[in-house]
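Open your viewer, set it to a cartoon view, and keep the selection box handy. We will go stop by stop, with something to select at each one.

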Amino acid sequence: MSWSRGSASTWDQIQFADDMQEFTKFPTKTGRRSLSRSISQSSTDSYSSAASYTDSSDDEVSPREKQQTNSKGSSNFCVKNIKQAEFGRREIEIAEQDMSALISLRKRAQGEKPLAGAKIVGCTHITAQTAVSGCLLGDPADSKGAPVLPGVAVFAWKGESEDDFWWCIDRCVNVDGWQANMILDDGGDLTHWVYKKYPSVFKKIRGIVEESVTGVHRLYQLSKAGKLCVPAMNVNDSVTKQKFDNLYCCRESILDGLKRTTDVMFGGKQVVVCGYGEVGKGCCAALKALGAIVYVTEIDPICALQACMDGFRVVKLSEVIRQVDVVITCTGNKNVVTREHLDRMKNSCIVCNMGHSNTEIDVTSLRMPELTWERVRSQVDHVIWPDGKRVVLLAEGRLLNLSCSTVPTFVLSITATTQALALIELYNAPEGRYKQDVYLLPKKMDEYVASLHLPSFDAHLTELTDDQAKYLGLNKNGPFKPNYYR
């Protein structure tokens, strides 16, 4: 995507009163909760979180082997079927109806052009909602053959293999006559690929914006090792991402994914949710509301105590694995559900993942000669043991809500707006404001994102009086939370 650079003066109005104050650094920690993967490892463990496999009705010809041209005569893209572009456009228009805040930001950006001159390479889930945010970032006047988005060359399709996934990333990075100066990542795979294959690209990169737990963890590992060579923005730990996308999005999409794939009734079912972070909290709340008996596993005593006070029993997975009907992982860790756990599950136990990467369930251990795989429907496999026991595996351990259902458009508007502001800030920041480290969005910017979405609910904020603001030691216009608030 191509952009030109413009004045950032108006955008500075949503920063802290002290314009030169840097974003609060998130302290680099070792052993962050439920995370263990290293940037030095192959990123193949998370490729498929952005894809799902093809069912039998799909075209067997790989998109890489097709010769496709869009309406402008360009072939600089690779998608499943360009003939579906009009259908995709209608899907985008539907998504726009519930993304009014992002649309308002897009209108503002069109006038001020805060990302003019920016060349952004991104790796994220391709949906109608991300297409709306892509329209915010793209420049129709400099189209590079986008089949879906103006100004965006898209290389992605449902059903990518691991090789396809890395090929698509490479096609976006290794472009003749075009080099990115900003990275927008979701999971750290793009950043990992650039470090591994094209380290010289970082000479022109002004910053990285990362929105996932997995990707942020990798950035902190790079920072700790002294290998992070550009500033990076941790969007995942912004309040508008953690408390909305992670919590409310998963609270709704977990049920959608399970219902579409299994038709299961949850009343009275025993479910174990591995991890009680924001994603786990959302999943547990939804399942409890439908009458399920919910257990929680946790490594963090604080999250465990929260689960207890929310009415859930905190257990070790091994203590309940024989009796539960559904196992849901949402930790961001690896090998949370092992072959030993799978062997001990009862017949027809449903196993799925809501964490970002596909490493939480040890699916590799199930691809053994003694076990039989039976495709029941799209995204649903029965793994059959020699004694006839069946385990129902959803999306081969990939991200359930993106593989098997949809995610709420409104919540994605909040996340996309936060990402856009992070890109704008990093790109327009004066030289020296950000070092080669990982930064958090300031609460003023979080509050600005929230305020853009309040009109959708006809919400009216109460305003502090001068006396009240003085008493609290706050600016009447915010920020209302300290930088460390999460």
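Start by selecting strand E5 (residues 270-274), helix H8 (residues 278-289) and strand E6 (residues 293-297): together they form a right-handed β-α-β unit. This is a predicted model, so read each stop as a feature of a prediction. The strands E5 and E6 run parallel and are paired over 5 bridges. To see one matched pair, show Val-272 and look across to Tyr-295 in E6, which stands opposite.

Now stay with E6. Is this strand enclosed or not? Strand E6 is largely enclosed by the rest of the structure, because 4 of its 5 residues are buried.

Next, add strand E7 (residues 313-314), which runs parallel to E6 and is joined to E6 by 2 bridges. Tyr-295 is again a handy marker: its bridge partner in E7 is Arg-313. Follow the chain from E6 through helix H9 (residues 301-309) to E7, and you trace another β-α-β crossover, which is right-handed.

Go back to E5 and select strand E8 (residues 326-329). E5 and E8 are parallel partners over 4 bridges, and Val-272 has Val-327 as its bridge partner in E8.

Time to zoom out. In what order do the strands of this open sheet lie? There are 8 of them, and the order reads E7-E6-E5-E8-E9-E12-E11-E10, with mixed pairing. At the edges you find E7 and strand E10 (372-377), each of which pairs on one side only. Strands of a sheet pair through backbone hydrogen bonds, either parallel or antiparallel.

**A second set of strands**

Select strand E2 (residues 182-185) and turn on its side chains. Which side chains point which way? Met-182 and Leu-184 point one way, Ile-183 and Asp-185 point the other way, and all of them are buried. In a regular strand the side chains alternate between the two faces of the sheet.

Now bring in the partners of E2. Strand E1 (residues 120-123) pairs with E2 in the parallel sense over 4 bridges, and Gly-122 has Leu-184 as its bridge partner in E2. Strand E3 (residues 207-210) also pairs with E2 in the parallel sense, over 4 bridges, and here Asp-185 stands opposite Glu-210. Add helix H5 (residues 189-197) to E2 and E3, and you have a right-handed β-α-β unit.

**The second largest pocket**

Switch to a surface view and centre on Glu-447, Ala-450, Ser-451, Leu-454 and Leu-461. These are the closest to the centre of the second largest pocket, out of 29 residues that line the pocket. The space inside comes to about 950 Å³.

Colour helix H7 (239-262), helix H13 (409-428) and helix H14 (443-453), the elements that each give two or more residues to the lining. H14 gives the most, with 8 residues. Colour the lining by residue type and you will find 15 nonpolar, 5 polar and 9 charged residues.

Where does this pocket lie with respect to the domains? Domain 1 (74-237 + 408-462) and domain 2 (248-398) both give residues to the lining, so the pocket lies between them.

**Backbone details worth a click**

Most residues other than glycine have a negative phi, and most peptide bonds are trans. The next three selections are chosen with that in mind.

- Glu-396 has a positive phi of about 55° although this residue is not a glycine. Look for Glu-396 in the loop between strand E12 (390-394) and helix H12 (400-404). Glu-396 is buried, with a relative accessible area of 15%.
- Asp-458 also has a positive phi, near 55°, and sits in the loop between H14 and H15. Asp-458 is exposed, with a relative accessible area of 56%.
- Pro-479 follows Gly-478 through a cis peptide bond, with omega near 5°. Pro-479 is in the segment after helix H15 (466-472).

**Two distances to display**

Select Trp-166 in helix H4 (residues 162-173). Trp-166 is buried, at 10% relative accessible area. Draw a C-alpha to C-alpha line from Trp-166 to Leu-190: they are 24 residues apart in sequence and 8.9 Å apart in space.

Finish with Glu-93 in helix H1 (residues 85-96). With 42% relative accessibility, Glu-93 counts as partly exposed. Glu-93 and Ala-128 lie 35 residues apart in sequence, and their C-alpha atoms are 8.4 Å apart in space.

Notes: Residues numbered from 1 in each chain as written. Predicted model: local features only at pLDDT ≥ 70, side-chain atom pairs only at ≥ 80, totals over all residues. Heavy atoms only, no water. 1 Å grid on protein atoms, 1.4 Å probe; cavity = no way out; pocket = protein on both sides within 12 Å on 5 of 7 lines; lining within 4 Å. Points joined across faces, edges and corners; volume = space filled by probe spheres on them. Nonpolar A, V, L, I, M, F, W, Y, C, P; charged D, E, K, R; others polar. Domains from an automatic or database assignment. Buried < 20%, exposed > 50% of the residue type's maximum accessible area, 1.4 Å probe, protein only. Pairing = 2+ DSSP bridges. Right-handed = clockwise from strand over helix to strand, strands pointing away.
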